Amino acid sequence: MTAATRAFGDSDSFAAPRHAPTAELAELGRELAATSTKLVESRERERALEASRRELVAWISHDLRTPLAGLRAMTEALEDGVAADPTRYHTQIRAEVERLTSMVGDLFELSRIQAGVLSLMPARMSVYDLVGDAIAGADALARQHRISLVGRGVEPVPVEVDGREMTRVLANLLVNAIHRTPADGTVAVAAHREADSVVLSVTDGCGGIPPEELPRVFDTGWRGTDARTPPAGAGLGLAIVRGIVEAHHGHAAVHNVPGGCRFEVRLPAAV
């Protein structure tokens, strides 16, 4: 047992002796083996988190460099008086600035979530109102991409949530679904009560997510193998969704359905 424990310290893994001389030592061996397994799992999570952080830094650097270079070129053209259509340049500059502002806002929100300082102001409200506000907010973007937004089976069940933060959750899910769904497709929002929970779902027509990538969908910086350029953004929207939902003691999940995927948010039902 001494040798096995010493090896545990050297190699981070513990192999309990096959035949412990007493029941107490056998129990000690089982506890050390369980601790060894937990340490291995913790280190795997740490490595995965570090990898996602490196991806995030690389992708944000790329997403910042490209619009900044464009902004610099356009402002120089305006200063030199060589811009053929100054009005178009001003419009494009404004659009790029708004995109950068949104990215910085997402980074700030995610930092608050990860630091555990997200302050919630829960209030009792109807899921029906939350979904209605979210659909109204995403309607212009949906029409721009020729996507139909529909509410299917939205039950007026009560929840106790921070309305502002939960609206952001639904907005992020809807924007993600709209960008991933081909033109003339449909994005459906539903909500119903299930035992002691309220389940909100957003179903898109993206064609599905590769099974090996499903566990990473809510990771910071994840954008999928084919989403290295806008409008994919910095890969923070779904990480923010998970953080806000978990701050409400809920759970966010995703699974494939025929023709697309369904994102589900499960929240405690109001009593």
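When I speak of a helix today, I mean a DSSP run of H or I covering at least four residues, and the numbering of the helices starts from the N terminus. With that settled, let me add that what we are looking at is a predicted model, and then begin with a single residue, N172, which is found in helix α5, the helix made of residues 163-180.

Is N172 buried or exposed? Its relative accessible area is 18%, and since the cut-off for buried is under 20%, N172 counts as buried. What does the side chain of N172 meet there? One of its polar atoms lies 3.2 Å from the backbone oxygen of G237, and, if we set aside residues up to four places away in sequence, N172 touches G237, I240 and V241.

A second residue to put beside this one is D106, whose place is in helix α3, residues 86-114. D106 also counts as buried, at 18% relative accessibility, and, leaving out its neighbours within four places in sequence, it is in contact with R168, L236 and I240.

That brings us to helix α6, residues 237-247, whose axis comes within 10 Å of the axis of α3, the two crossing at roughly 35°. The crossing in which α3 passes α6 is left-handed, and the contact is made by D106, E109, L110 and I113 on the α3 side, with A239, I240, G243 and I244 on the α6 side. Sorted by character, the residues of this contact of α3 with α6 are five nonpolar, one polar and two charged.

Staying with α6 for a moment, its buried residues are L238, A239, I240, V241, G243, I244 and V245, and these pack against α3 and α5 as well as against strands β6, residues 251-257, and β7, residues 260-268. Just after the helix, H249 takes a positive phi of about 65°.

Let me turn now to the sheet that contains those two strands. Five strands form an open sheet with mixed pairing, and their order is β2-β4-β5-β7-β6. Which strands stand at the edges? They are β2, residues 148-154, and β6, each with a single partner strand, so that one side of each is left without a neighbour in the sheet. Ignoring direction, neighbouring strands of this sheet are turned by 20° against each other on average. Between β6 and β7, which run antiparallel, there are seven bridges, and one of the pairs to look at is N256, whose bridge partner in β7 is C261.

Helix α4, residues 127-144, packs on this sheet, where it touches β2, β4 (186-194) and β5 (197-203), and its direction makes about 170° with that of β2. Helix α5, the helix of N172, lies across β2, β4, β5 and β7, and runs at about 175° to β7.

Finally, a word on another strand pairing, that of β1, residues 123-126, with β3; these two run antiparallel and are joined by four bridges. Here M125 stands opposite V159 in β3. Strand β3, residues 158-161, has two faces that can be told apart by their cover: V159 and V161 belong to the covered face, whereas P158 and E160 belong to the uncovered one.

Conventions: Residues are numbered from 1 along each chain as its sequence is written. This is a predicted model: local features need pLDDT of at least 70, side-chain atom pairs count only at pLDDT 80 or more; totals for chains, interfaces and linings use all residues. Side-chain values use heavy atoms; hydrogens and water are left out. Buried means under 20% relative accessible area, exposed over 50%, partly exposed in between (1.4 Å probe, protein chains only). Two strands pair if DSSP finds at least two bridges between them. A polar contact is a pair of N or O atoms within 3.5 Å; within protein, one must be able to donate a hydrogen and the other to accept it, and residues adjacent in sequence count only if both atoms are side-chain atoms. Contact means heavy atoms within 4.5 Å. Axes are lines fitted to C-alpha atoms, for helices over the stretch in contact, and angles run from 0 to 180 degrees between N-to-C directions. A crossing is left-handed if the near helix is turned anticlockwise from the far one by less than a right angle, and right-handed if clockwise. Ala, Val, Leu, Ile, Met, Phe, Trp, Tyr, Cys and Pro count as nonpolar, Asp, Glu, Lys and Arg as charged, and the others, Gly among them, as polar.
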